[in-house]
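The following exercises are to be solved with the sequence and the structure at hand. Each task is followed by a solution in steps.

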Amino acid sequence: MIEVKNVTKKYGSVVAVDNISFKIENGEIMGLLGPNGAGKSTTMNMITGYVEPTEGTIIVDEYDIEKKPKKAKKQIGYMPEGVPLYNDMTVKEFITYMAQIKKIDKKTRKEKIQQIIEKTGLEEVEQKLIKNLSRGYKQRVSMAGALVGDPPILILDEPTVGLDPKQITEIRNLIKELGKTHTVILSSHILSEVSQICDKVIIINKGKIIAIDTPENLENKVTNKNIVYITVEDNNDKMKEVTKTIKEITKIELIKENSDKTKQYLIESSKDTDLRKVLFKELANQDITIFEMKKADVTLEDAFMKLIEGGN
Amino acid sequence: MWAIIKKELKSYFTTPIGYIFIGVFLIAFSVSFYFTVIGYGNVNYEYIFYTSPTIFVLAFIIPLLTMRTFAEERKNGTEQLLLTSPLSVTKIVLGKLIAALVIVIITEIMTLMYFGILCHYGMPHISTALTTLLGFFLFCLSYISFGLFASSIAENQIIAGIASILFFVILWILPNFNEIFTNISLIEMFYKYTQGQISITNTVTYLTFTITCILLTIIVLQRRKSVK
């Protein structure tokens with residue numbers, strides 16, 4: 001469990017993090033979202049004890065990070081932004097070094113290191129020098145460094161930046177897997193990633209928290225209408241007339257005419273009504289063939305943009 | 001702390017730094033050996049330590065050992081890994097200090113071969129030789145701790161290196177300007193040990209200087225947490 005209470009961080013007169021408070025329960029995956037310079041990394045650095053908050057307290061698994069740093073830090077596996085690594089070490093040396101400075105019991109150390117190497121898929125490169133690895137592997141080595149010793153809390157600062165799509169999926173799956181047994185905080189500015197992985201999201205802008213909620217709730221919060229995209233074959237051009245008979249429709253708009261003579265419309269209704277059933281029946285009655293019908297998803301992206309703009 | 005010592009030692013020997021330190025020192029030592037032993041027929045092992053070439057190269061090779069320690073970690077961001085680990089800052093600093101000292105001790109052990117040569121041809125004093133080695137160790141200890149401090153405040157390793165070299169050179173030339181500085185010169189203090197005396201005053205001064213530098217380094221690293 002992590003508890004952040006009224007934490008402020010100032011750099012001179014610049015306020016990087018402004019009086020934030022939140023709580024992360026055990027076993028939760030929490031996403032920290034925000035534009036560049038919003039204070040995500042600063043927040044993470046404060047939780048890991050790398051940076052001291054100007055005001056406020058941070059409690060990591062019952063230990064105050066200021067008063068009992070050793071115990072608190074032992075609970076945390078941290079993967080910093082930009083994956084700092086010792087380039088002249090081999091992968092195995094690095095993971096062993098991390099295990100040593102994290103004071104992992106000597107008896108189980110070797111075994112644990114081997115487990116981590118397997119878990120992160122580093123067996124093939126374990127004897128290679130880190131400086132010769134590709135970005136994706138470096139990311140995994142950094143992840144392995146955070147994971148070694150199995151700390152109950154994982155803090156991952158932008159874990160998928162700079163990876164190719166396949167690697168991103170792999171890392172995401174790994175995080176999901178870890179989330180079952182660990183408390184995870186990850187920061188990202190890739191919103192789809194956060195909505196896929198996280199149980200809860202904190203949106204932070206200019207050092208302030210503007211929203212804490214589940215991704216679904218955040219998406220719902222910002223929507224005030226329901227949009228359906230529908231592609232139909234409508235040779236007699238009856239579409240507009242038909243839709244007039246359905247009262248719930250607030251707006252209809254022709255988006256494009258396809259080369260196969262089908263037309264795509266956008267149909268809007270109020271937030272609580274789902275038109276798909278009514279449309280399906282009505283259009284079938286009028287002999288209009290539906291080729292495709294899709295409810296438009298409100299993405300976390302929309303929610304994010306709206307909240308950030310609202311904050312400004 | 002053991003992990004830090006091991007890692008630092010390894011990096012001294014996986015990079016050329018460790019070899020350069022030992023090699024360059026031994027070359028300077030050999031030059032002194034040639035002039036004092038072969039040139040003057042002097043068989044004083046201790047005297048070789050206190051000659052210009054050996055003292056002079058130290059000014060350049062000790063910063064080589066220390067300049068990377070903290071400046072490099074900060075530049076690469078690996079400082080984050082260290083400072084977010086359960087290790088205390090004190091242990092991190094002491095670990096790095098001890099690793100550098102191990103290199104000095106290795107060098108001292110290697111100079112014993114010259115002692116062996118001298119034993120073959122003459123009768124050097126063992127006790128004086130031992131006090132000289134102790135003095136040399138203390139001298140390097142104080143200088144290394146200053147180097148660590150310089151590395152902890154400097155933004156990059158080159159600046160850290162230059163700062164330590166300047167410090168050493170200033171210490172060296174100050175006594176030439178005024179007699180008063182002779183008493184505070186770390187180099188002058190070393191002289192007494194080569195005479196076979198373990199001076200309490202000088203030993204305490206070396207240790208105090210070392211402790212001050214180490215404490216300052218720890219404070220700088222702790223303080224950086226709140227201003228970073």
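**Exercise 1: A helix on a sheet**

Helix H6 (residues 165-179) of chain A lies across E3, E7 and E8 of chain A and runs at about 150° to E8(A). Helices (H or I, at least four residues) and strands (E, at least two) are DSSP runs, numbered from the N terminus. Angles run from 0 to 180 degrees between N-to-C directions, and axes are lines fitted to C-alpha atoms, for helices over the stretch in contact. The model is predicted: local features need pLDDT of at least 70 and side-chain atom pairs count only at pLDDT 80 or more, while totals for chains, interfaces and linings use all residues. Residues are numbered from 1 along each chain as its sequence is written, and chains are lettered from A and ligands numbered from 1 in the order in which they are written.

Task. State the strand order of the six-stranded open sheet of chain A, and explain which strands stand at its edges.

Solution.
- Step 1. The order is E6-E7-E8-E3-E9-E10 (chain A), and the pairing is mixed. Two strands pair if DSSP finds at least two bridges between them.
- Step 2. Strand E6 (76-79) and strand E10 (208-213) of chain A each have a single partner strand, so one side of each lacks a neighbour in the sheet; these two stand at the edges.
- Step 3. From one strand to the next, the twist averages 15°.
- Step 4. E6(A) and strand E7 (residues 153-157) of chain A run parallel and are joined by four bridges. A:Met79 stands opposite A:Leu156 in E7(A).
- Step 5. Helix H1 (residues 40-48) of chain A also lies across strands of this chain, namely strand E3 (29-33), E6, E7, strand E8 (183-188) and strand E9 (200-205), and runs at about 150° to E7(A).

**Exercise 2: The four-stranded sheet**

Task. Describe the pairing in the open sheet of four strands of chain A.

Solution.
- Step 1. The strands follow the order E12-E13-E11-E14 (chain A), with antiparallel pairing.
- Step 2. Strand E12 (249-257) and strand E14 (289-295) of chain A are the edge strands, each pairing on one side only.
- Step 3. On average, neighbouring strands of this sheet are turned by 20° against each other, direction ignored.
- Step 4. Strand E11 (residues 225-233) of chain A runs antiparallel to E14(A), and six bridges join them. A:Thr289 in E14(A) is the bridge partner of A:Glu233.

**Exercise 3: A helix with a buried side**

Task. Determine where the buried residues of helix H1 of chain B lie around its axis, and what they pack against.

Solution.
- Step 1. H1 (residues 2-14) of chain B has 13 residues and reaches 18 Å from its first C-alpha to its last, close to the 18 Å expected at 1.5 Å a residue. The expected span is 1.5 Å times one less than the number of residues.
- Step 2. B:Ile4, B:Lys7, B:Glu8 and B:Tyr12 of H1(B) are buried. A residue is buried if 20 or more other C-beta atoms, placed from the backbone, lie within 10 Å of its own, exposed if 12 or fewer, and partly exposed in between.
- Step 3. These residues lie on the same side of H1(B), because they cover an arc of only 140° around the axis. The arc is that of the directions from the helix axis to the C-beta atoms.
- Step 4. The exposed residues B:Trp2 and B:Phe13 are carried by the face of H1(B) turned away from the buried side.
- Step 5. The buried residues of H1(B) pack against helix H3 (91-101) of chain A, together with helix H2 (17-39) and helix H7 (89-121) of chain B.

**Exercise 4: Two residues compared with the cut-offs**

Task. Is A:Ala72 buried or exposed, and where does A:Lys261 lie?

Solution.
- Step 1. A:Ala72 lies in helix H2 (residues 69-74) of chain A. A:Ala72 counts as buried because it has 24 C-beta neighbours inside 10 Å.
- Step 2. The C-alpha atoms of A:Ala72 and A:Val60 are separated by 5.7 Å, although the two are twelve residues apart along the chain.
- Step 3. A:Lys261 is found in the loop between E12 and strand E13 (262-270) of chain A. With 9 other C-beta atoms within 10 Å, A:Lys261 is exposed.
- Step 4. Most residues other than glycine have a negative phi. A:Lys261 is not a glycine, yet has a positive phi of about 70°.

Definitions and conventions. Two residues are in contact if their C-beta atoms, placed from the backbone, lie within 7 Å.
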